[in-house]
Amino acid sequence: TTEIYTLSLHDALPISSLQKVRVAQISALSRDIALRLSASRVRIEAPVPGKSYVGIELPNSHHSLVKLRPLLEAEEFQKLSSSLAFVLGQNVSGQPVVADLARMPHMLIAGTTGSGKSVCIQALTACLVMNNTPSDLRIAMLDPKMVELIRFNGLPHLLGKVETEVERMLGVLRWAINEMDARYRLLEMERARDLDSFNRKMARRGKEGLPRIVIMIDELADLMMTSPDQTETSLI
């Protein structure tokens, strides 16, 4: 059995006699805590934001299915005015977790095999496509595995098709760099600070603006192992 004791500082010993424990000592015992609690893993939140506590998060014994539509209809997602808003899922309290890709603007999804990285990319794509027309957003997809993102071929938002060959994927990254440089020159000519202000100026003149471009890479590690120098240079 596990006994839990509570100590009130009003009737306890003087604070000077209480033993202090460093946060690093608690974090270092995460595996021992998981073994003691018969849990697959634990997550140490040290400290809990806004509190002077150290939290120990345990995985639920029963998994629940999180569907995309209720999250898209949630108030937290509707409040985000960004066209690149997307949902990530639910937190431990069951509340939607939303984010704005435009404020990142780089996101790395890491995890073990079968943990849901590709599913996350598919959900992210659904959010972006739902909020944007092809004239507002273009998506480039690189899939070294050749099986995960291929289902998006034919999507009107796509730049070309889902690329599965290494040389063509590296070509897309080089094109993105050239496109970025060309856009910076356009912004300089129009004295615009960012893409939003540039598109507003174009709209006032009755001209078409520039779409946002999102590049999605599934299994980036495979691309890094095949062509490490070119891939790393392009990403940097």
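A quick definition before we start: helices and strands here are DSSP runs, numbered from the N terminus, with at least four residues for a helix and at least two for a strand. One more thing to keep in mind is that this is a predicted model.

**Exercise 1. Place Ser38 in the chain, then work out what is unusual about its backbone and whether it is buried or exposed.**

Step 1: find the neighbours. Helix 2 covers residues 30-36 and strand 1 covers 43-45, and Ser38 sits in the loop between them.

Step 2: check the backbone. Phi of Ser38 is positive, at about 55 degrees, even though Ser38 is not a glycine. As background, most residues other than glycine have a negative phi.

Step 3: check the surface. Exposed means over 50% relative accessible area. Ser38 has 70%, so it counts as exposed.

**Exercise 2. Find out which residues Leu58 touches beyond its sequence neighbours, and how covered Leu58 is.**

Step 1: locate it. Leu58 belongs to the loop that runs between strand 2 (55-57) and helix 3 (68-72).

Step 2: list the contacts. If you skip the neighbours within four places in sequence, Leu58 is in contact with Leu37, Ala39 and Val42.

Step 3: look at one of those partners. Leu37 is 21 residues away from Leu58 along the chain, and their C-alpha atoms are separated by 8.9 Å.

Step 4: judge the cover. Partly exposed is the range between the 20% and 50% marks. With a relative accessible area of 41%, Leu58 is therefore partly exposed.

**Exercise 3. Describe how strand 3 and strand 4 pair, and what happens in the turn that links them.**

Step 1: get the direction. Strand 3 (residues 85-90) and strand 4 (residues 96-100) run antiparallel and are joined by 5 bridges.

Step 2: pick out facing residues. Phe86 stands opposite Ala99 of strand 4, and Val87 stands opposite Val98 of that strand.

Step 3: go to the turn. This hairpin has 5 residues between the strands, and Gly94 there takes a positive phi near 85 degrees.

Step 4: add Gln95, which also lies in the loop between strand 3 and strand 4. Leaving out neighbours within four places in sequence, Gln95 is in contact with Glu76, Gly89 and Gln90. The C-alpha atoms of Gln95 and Glu76 are separated by 8.8 Å, with their positions 19 residues apart along the chain. At 41% relative accessibility, Gln95 counts as partly exposed.

**Exercise 4. Find the cis peptide bond that leads into Pro105 and say where that proline lies.**

Step 1: read the bond. From Met104 to Pro105 the peptide bond is cis, and omega is near -20 degrees. For comparison, most peptide bonds are trans.

Step 2: place the proline. Pro105 is in the loop between strand 4 and helix 5 (117-131).

**Exercise 5. Work out how strand 5 is paired and covered, then follow the chain into the loop after it.**

Step 1: find the partner. Strand 5 pairs with strand 6 (residues 212-217) in the parallel sense, over 6 bridges. Arg138 stands opposite Ile213 in strand 6.

Step 2: check the cover. Strand 5 is mostly covered, with 5 of its 6 residues buried.

Step 3: move into the loop between strand 5 (137-142) and helix 6 (166-190), where you will find Met146. Its phi is positive, near 70 degrees, and Met146 is not a glycine.

Step 4: stay in that loop for His157. Buried means under 20% relative accessible area, and His157 has 5%, so it is buried.

Step 5: see what surrounds His157. Not counting residues up to four places away in sequence, His157 touches Val129, Asn132, Thr133, Pro134, Leu137, Arg138 and Ile139. Gly89 is another story: the C-alpha atoms of His157 and Gly89 are 24 Å apart.

**Exercise 6. Zoom out and compare the chain with a compact globule.**

Step 1: count the elements. The chain has 9 helices and 6 strands.

Step 2: compare radii of gyration. The chain has 24 Å, while a compact globule of 236 residues would have a value near 18 Å.

Step 3: check the dimensions. The C-alpha trace spans about 75 × 40 × 35 Å along its principal axes.

Step 4: look at burial and surface. Buried residues make up 27% of the 236 residues. The chain exposes about 17,100 Å², and carbon and sulfur atoms supply 54% of that.

Step 5: finish with charge. There are 28 positive and 27 negative charges, and their mean positions are 5 Å apart.

Note on methods:
Residues numbered from 1 in each chain as written. Predicted model: local features only at pLDDT ≥ 70, side-chain atom pairs only at ≥ 80, totals over all residues. Heavy atoms only, no water. Rg over C-alpha atoms; globule rule 2.2 N^0.38 Å. Buried < 20%, exposed > 50% of the residue type's maximum accessible area, 1.4 Å probe, protein only. Areas by Shrake-Rupley, 256 points an atom, 1.4 Å probe, with all protein chains shown as cover. Lys, Arg positive; Asp, Glu negative; His and termini not counted. Charge placed at Lys NZ, Arg CZ, Asp CG, Glu CD. Pairing = 2+ DSSP bridges. Contact = heavy atoms within 4.5 Å.
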